[in-house]
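Q: I would like to learn how to read the features of a protein model, one at a time. Could the structure be shown so that we may begin?

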Amino acid sequence: MVRSILLRGFDQDMANKIGEYMEEHGIKFIREFVPIKVEQIEEGTPGRLKVTAKSTKGNEVIEGEYNTVLLAIGRDACTRKIGLDKVGVKINEKTGKIPVNDMEQTNVPYIYAIGDILQDRLELTPVAIQAGRLLVQRLYGGATTKCDYVNVPTTVFTPLEYGACGYSEENAIQKFGEENIEVYHSHFWPLEWTVPSRDNNKCYAKIICNIRDNERVIGFHVLGPNAGEVTQGFAAAIKCGLTKEQLDSTIGIHPVCAEVFTTLSVTKRSGESTLQAGC
């Protein structure tokens, strides 16, 4: 059951491809509905549960019977009852999140915040760890390095694994303007999928480049086996200012999934096909 969209906060082109892949493999999504009641109608392991759900677009109500119900309810920033109001720290009244500047300072200069309670920051453990380390080094070690909240590699371990680093296509368009970005993309067929003739043209790669900055790669996205492993390596290159020209001049390892990023030639703007016939 999906309240609105899949993988909120991630590139929606990639999220939709993941959804399509899962549906093709037997996953049924009930879109734009939210559960309003769960009732046990039969005890046991696993037993039976009746779920009543209401449309997010109108008054339609549906019911269904299931043996297991898992609620993915997200996270709540429990900041309202820890005395922040006593010291004057402002929070987002709706979410409980704390606004900070690029140094993790709150509106009270001597109070800092890191981690999942921050407003407009990624809720990822490695990000919180990195931000904490850098904050301590700045406060007590004389360092000046700030946490990079943009070029953060992350992976969603969906059935078709998704790795990403940098801007989503939507955010890149919003920040730089559609006329100032170029999106290079391609489908690819992993070698281990070719022997059983499994799911050709489901794996997908794309990079988002800033035209006005020597086609610097500002967004990296890949769907396929071991996407996280692929993304981790490219993330370091992106931190170093990777450009499309540098990718093109890199010799690919054949036949591995990451090779596709050294041969990207089709742009979304061109409208040309990205479908592949082999690995």
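**Reading the model, feature by feature**

A: The end C-alpha atoms of residues 3–132 are 33 Å apart, and this span is 19% helix and 18% strand. UniProt, in an unreviewed entry, lists these residues as "domain: FAD/NAD(P)-binding". Please bear in mind throughout that the model is predicted.

Q: Which residues does the annotation "domain: Pyridine nucleotide-disulphide oxidoreductase dimerisation" cover?

A: An annotation of this kind is taken from a record, here an unreviewed UniProt entry, and it covers residues 152–263. In the model, that span is 27% helix and 29% strand, with its end C-alpha atoms 24 Å apart.

Q: What are the overall dimensions and the secondary structure of the protein chain?

A: One begins with the extent of the trace and the inventory of elements. The C-alpha trace spans about 60 × 55 × 35 Å along its principal axes. The protein chain contains seven helices and eight strands.

Q: What percentage of the residues count as buried, and how much area does the protein chain expose?

A: Of the 279 residues, 40% count as buried. The exposed area is about 16,500 Å², of which carbon and sulfur atoms supply 52%. Contacts can be read alongside these values: among those with a separation of 6 or more, 50% are between residues 24 or more positions apart.

Q: How does one check the length of a helix, taking helix 6 as the case?

A: The check compares an expected span with the distance in the model. Helix 6, residues 227–239, has 13 residues and so should span 18 Å at 1.5 Å a residue; its end C-alpha atoms are 18 Å apart, which agrees. Just after helix 6, Gly241 takes a positive phi of about 90°.

Q: Which residues of helix 6 are buried, and what covers them?

A: The buried residues are Ala227, Gly228, Val230, Thr231, Phe234, Ala235 and Ile238. Their cover includes strand 4 (154–156), strand 5 (162–166), strand 8 (216–223) and helix 7 (244–248).

Q: Is Thr231 buried or exposed, and with which residues is it in contact?

A: The general approach is to compare the relative accessible area with the cut-off. Thr231, in helix 6, has a relative accessible area of 1% and therefore counts as buried, the limit being under 20%. Leaving aside neighbours within four places in sequence, Thr231 is in contact with Pro153, Thr154, Gly163, Ala164, Cys165, Phe220 and Val222.

Q: Where is Thr267, and which residues does it touch?

A: Thr267 lies in the segment after helix 7. Its relative accessible area is 13%, so Thr267 is buried. Not counting residues up to four places away in sequence, Thr267 touches Glu182, Val183, Tyr184 and His185. The C-alpha atoms of Thr267 and Leu134, which are 133 residues apart along the chain, are separated by 38 Å.

Q: How many salt bridges does a search of the whole structure find?

A: The search finds 22 salt bridges. For each pair, one may read the N to O distance together with the accessibility of both partners. Arg31 and Glu23 meet through their side chains at 3.8 Å, N to O. Arg31 is partly exposed at 36% relative accessible area, and Glu23 is also partly exposed, at 37%. The side chains of Lys86 and Asp85 form a salt bridge at 3.5 Å, N to O, and both residues are exposed.

Q: Which parts of the chain does the pair of Lys268 and Glu169 link?

A: The side chains of Lys268 and Glu169 meet in a salt bridge of 2.8 Å, N to O. This pair links distant parts of the chain, 99 residues apart: Lys268 is in the segment after helix 7, and Glu169 is in helix 4 (residues 169–176). Lys268 is partly exposed, at 30% relative accessible area, whereas Glu169 counts as buried at 14%. Salt bridges that share partners join Asp11, Asp13, Lys17, Glu169, Lys206 and Lys268 into one network.

Q: Which residues form a nonpolar patch on the surface?

A: The patch consists of Val38, Tyr66, Val69, Leu71 and Ile73, which together have about 470 Å² of accessible area. One member, Leu71, is found in the loop between strand 3 (61–66) and helix 2 (84–87). With a relative accessible area of 54%, Leu71 is exposed.

Note on methods
Residues are numbered from 1 along each chain as its sequence is written. This is a predicted model: local features need pLDDT of at least 70, side-chain atom pairs count only at pLDDT 80 or more; totals for chains, interfaces and linings use all residues. Side-chain values use heavy atoms; hydrogens and water are left out. Patches are made of residues with over 30% relative accessible area and no salt bridge: like charges are joined within 9 Å, nonpolar side chains (Val, Leu, Ile, Met, Phe, Trp, Tyr) within 5 Å. Accessible areas come from the Shrake-Rupley method with a 1.4 Å probe; for residues, only the protein chains shown count as cover. A salt bridge is a side-chain nitrogen of Lys or Arg within 4 Å of a carboxyl oxygen of Asp or Glu. Helices (H or I, at least four residues) and strands (E, at least two) are DSSP runs, numbered from the N terminus. Buried means under 20% relative accessible area, exposed over 50%, partly exposed in between (1.4 Å probe, protein chains only). UniProt positions are given in the numbering used here, feature names are shortened, and annotations may be inferred rather than shown by experiment. The expected span of a helix is 1.5 Å times one less than its number of residues. Contact means heavy atoms within 4.5 Å.
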